[in-house]
Amino acid sequence: MSYVRAGSFGLTARGKTYELVAGSVMTGYPGDEFLCTHDHHACGDECLSFQLRPELVHTIDDSVHVWRTGAVAPLPQLMVLGELAQAAADGYCDLGLDEVGMLFAARFAQLVSGREPTAARTRPIDRRRAVEVAVWIDARADEPLSLEDASAQASLSPFHFLRVFAKVLGVTPHQYLVRARLRRATRMLVEDTRPVTDVALATGFADISNFVRTFRRAAGVSPLRFRQAARGERNFLQETRR
């Protein structure tokens, strides 16, 4: 699946021709040939692509015709998720890119099939699974955990696990992971003397710029400024109110 973010593309697939502009979505099904062109010579053609595993596709919607649609015109429901996915890829939100990709694919399938989304069940066993995996994530927050790692702990498919976890706990698994890392980083900034870069790496943030952006969104100030405030600079509270 590809979401067009800028410019325009031509698409030929299964004997049909489409014009894709910003906000359009294209799909490619295994075994089907397709050709993308740039006939309009638009500047800055850009798209965000997702590769979905067969088992995930069947979990979301097992109707082959949904995934062989070819192209869909710009739809606000998909444009919002497409831009959110790009923000996740760039580290500007605390959702996981794989999580947003699943939501994008599920919303696409719902719109194409015309079916209304079904509510995730929250059986007692699923609620217990969600809590147990949250505890598991918290204990390993400094490790490079993926949605598949977490869903395997619950013995659920990634898509089903994502819906159940969010329904039960009110946050996605990646959001919970990021917030667990923030809790650890906050304590380290206050109690430790290691440089901010070392704090980021020690708490599971692989990229220092992503850590700084994430911490600033949560605290209103940079990690360094937060550390200085924790050591007695009183104008910190004024800065957080701006």
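Three exercises with worked solutions follow.

This is a predicted model, in which local features need pLDDT of at least 70, side-chain atom pairs count only at pLDDT 80 or more, and totals for chains, interfaces and linings use all residues. Residues are numbered from 1 along each chain as its sequence is written, and side-chain values use heavy atoms, with hydrogens and water left out.

**Exercise 1.** State how many helices and strands the protein has, and what share of its residues is buried.

*Solution.* Begin with the elements: the protein has 12 helices and 7 strands. These are DSSP runs numbered from the N terminus, namely helices (H or I, at least four residues) and strands (E, at least two). Next, take burial: of the 242 residues, 40% are buried (under 20% relative accessible area, by a 1.4 Å probe with protein chains only).

**Exercise 2.** Determine the strand order of the open sheet and identify its edge strands.

*Solution.* First, the order of the 4 strands is β6-β1-β4-β7, with antiparallel pairing; two strands pair if DSSP finds at least two bridges between them. Second, β6 (46-49) and β7 (71-72) are the edge strands, each pairing on one side only. Third, strand β4 (residues 25-26) is joined to β7 by 2 bridges, and M26 stands opposite A71 in β7.

**Exercise 3.** Locate V131 and classify its exposure.

*Solution.* First, V131 belongs to helix α5, which covers residues 124-139. Then consider its relative accessible area of 43%: V131 is partly exposed, because this class lies between the buried limit and exposed (over 50%).
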